[in-house]
Amino acid sequence: MTVFHFFNCAILTFGPHAVYYSATPLSEYDTLWTSIRASVVYLITSLVKELLKALFGFIDVAGLYFALTQLTHRNISQNHKFQAVGLGWAFADSVLHRLAPLWVGARGLEFTWDYILQGLEANANLIFSISLAALGSLMWLRKNKPKTLIPIIYTCAGIVATMPSITSYLRRGLGWHLPKVVGFELFSSLLIAFISWQLFVACQRPSN
């Protein structure tokens, strides 16, 4: 029954394309190869769009670079600097993306878990932001870090920067519901925070 249902849905989805090709003059002029090449171009275009979406996360990296290296931080140690920057970054993100929905929806008479989940998601984002700021601090402000840790630092920073694209794919591509996505975000944020903390501690040790 499952296979039969699959074939029904497949015919419904892809059948009109074959019918259109056969029922129009396209089949008479042997344009199948043109359609195939157009399909390939579309696939490449979609791949480029996905790559660009992933690159959007690195705009945050550029902003954090400016905040960590160009803003004046008087009498603040490196340990406190990245925490202050990460905290402000996460707070502004919550205000920009979550305050209005929270104000409009959470005041309703009917209880819903959506806004509690959004709050948990904001907590995960706070951890991600501080972790990314810590990694950025190691990349740009810590000069005498162990060379063996440099690839790990950059890899972790890249993962955090692309996390919005990853969660977007989980929601739209894989159809994950909000509770599952938030659970993934909380778990991955704690894991990244632990790794970032270990890297920060390792870079603080005096080199032999």
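These exercises walk through a predicted model of one protein chain.

**Exercise 1. The overall fold**

Find how many helices and strands the protein chain has, and give the pattern they follow.

Solution.
- Step 1. Count the elements: the protein chain has 7 helices and 0 strands.
- Step 2. Read along the sequence, and the pattern is α-α-α-α-α-α-α.
- Step 3. Turn to burial. The protein chain has 208 residues, and 28% of them count as buried.
- Step 4. Look at the surface. About 14600 Å² is exposed, with 69% of it supplied by carbon and sulfur atoms.
- Step 5. Check the contacts between residues at least 6 apart in sequence. Of these, 71% join residues at least 24 apart.

**Exercise 2. The salt bridge**

Determine which residues form the salt bridge and which parts of the chain the pair ties together.

Solution.
- Step 1. The structure holds 1 salt bridge.
- Step 2. Its partners are Glu121 and Arg171, with the closest N and O atoms 2.4 Å apart. The cut-off for a salt bridge is 4 Å, so this pair qualifies.
- Step 3. Place the partners. Glu121 belongs to helix α4 and Arg171 to helix α6 (residues 163-173), so the bridge ties together parts 50 residues apart in sequence.
- Step 4. Check the burial of Glu121. Its relative accessibility is 11%, and buried means under 20%, so Glu121 counts as buried.
- Step 5. Do the same for Arg171. At a relative accessible area of 35%, Arg171 is partly exposed.

**Exercise 3. The nonpolar core**

Work out which elements build the largest nonpolar core, and which of them gives the largest share.

Solution.
- Step 1. The largest nonpolar core has 26 residues. Among those with the most contacts inside it are Phe82, Leu135, Leu138 and Leu199.
- Step 2. Two or more residues of this core come from each of α2 (32-69), α3 (78-105), α4, α5 (150-161) and α7.
- Step 3. Helix α4 gives the largest share, 8 residues.
- Step 4. Take Phe82 as an example. At 9% relative accessibility, Phe82 counts as buried.
- Step 5. List its contacts, not counting residues up to four places away in sequence. Phe82 touches Leu68, Ile130, Ala133, Ala134, Ser137 and Phe200.

**Exercise 4. Aromatic pairs**

Classify the pair Phe82 and Phe200, then the pair Trp176 and Phe184: stacked, tilted or edge-to-face?

Solution.
- Step 1. The structure holds 4 aromatic pairs. Two of them are needed here.
- Step 2. For Phe82 and Phe200, the ring centres are 4.9 Å apart and the planes stand at 50°. That angle lies between 30 and 60 degrees, so the pair is tilted.
- Step 3. Phe82 sits in helix α3 and Phe200 in helix α7, so this pair ties together parts 118 residues apart in sequence.
- Step 4. Phe200 is buried, with a relative accessible area of 8%.
- Step 5. Trp176 and Phe184 have ring centres 6.1 Å apart, with 85° between the planes; the pair is edge-to-face.
- Step 6. Compare the accessibility of these two partners. Trp176 is partly exposed at 25%, and Phe184 is partly exposed at 27%.

**Exercise 5. Two asparagines in one helix**

Decide whether Asn123 and Asn125 are buried or partly exposed.

Solution.
- Step 1. Place both residues. Asn123 is in helix α4, and Asn125 is in helix α4 (residues 114-140).
- Step 2. Asn125 has a relative accessible area of 19%, which is under 20%, so Asn125 is buried.
- Step 3. Asn123 has 42% relative accessibility and counts as partly exposed.
- Step 4. Look at the surroundings of Asn125. Leaving out residues up to four places away in sequence, Asn125 touches Ala90, Asp93 and Arg98.
- Step 5. For Asn123, compare two separations. Asn123 and Phe91 are 32 residues apart along the chain, and their C-alpha atoms are separated by 9.9 Å.

**Exercise 6. A nonpolar surface patch**

Find the area of the nonpolar surface patch that includes Ile59, and state how Ile59 is classed.

Solution.
- Step 1. The patch covers about 1100 Å².
- Step 2. Its residues include Leu32, Trp33, Ile36, Phe56, Phe58 and Ile59.
- Step 3. Ile59 is found in helix α2.
- Step 4. The relative accessible area of Ile59 is 55%, and exposed means over 50%, so Ile59 is exposed.

Definitions and conventions. Residues are numbered from 1 along each chain as its sequence is written. This is a predicted model: local features need pLDDT of at least 70, side-chain atom pairs count only at pLDDT 80 or more; totals for chains, interfaces and linings use all residues. Side-chain values use heavy atoms; hydrogens and water are left out. Helices (H or I, at least four residues) and strands (E, at least two) are DSSP runs, numbered from the N terminus. Buried means under 20% relative accessible area, exposed over 50%, partly exposed in between (1.4 Å probe, protein chains only). Contact means heavy atoms within 4.5 Å. A salt bridge is a side-chain nitrogen of Lys or Arg within 4 Å of a carboxyl oxygen of Asp or Glu. Accessible areas come from the Shrake-Rupley method with a 1.4 Å probe; for residues, only the protein chains shown count as cover. A nonpolar core is a set of buried Ala, Val, Leu, Ile, Met, Phe, Trp, Tyr and Cys residues joined through side-chain atoms within 4.5 Å. Patches are made of residues with over 30% relative accessible area and no salt bridge: like charges are joined within 9 Å, nonpolar side chains (Val, Leu, Ile, Met, Phe, Trp, Tyr) within 5 Å. Rings of Phe, Tyr and Trp (its six-membered ring) pair if their centres lie within 6.5 Å; planes under 30 degrees apart count as stacked, over 60 as edge-to-face and the rest as tilted.
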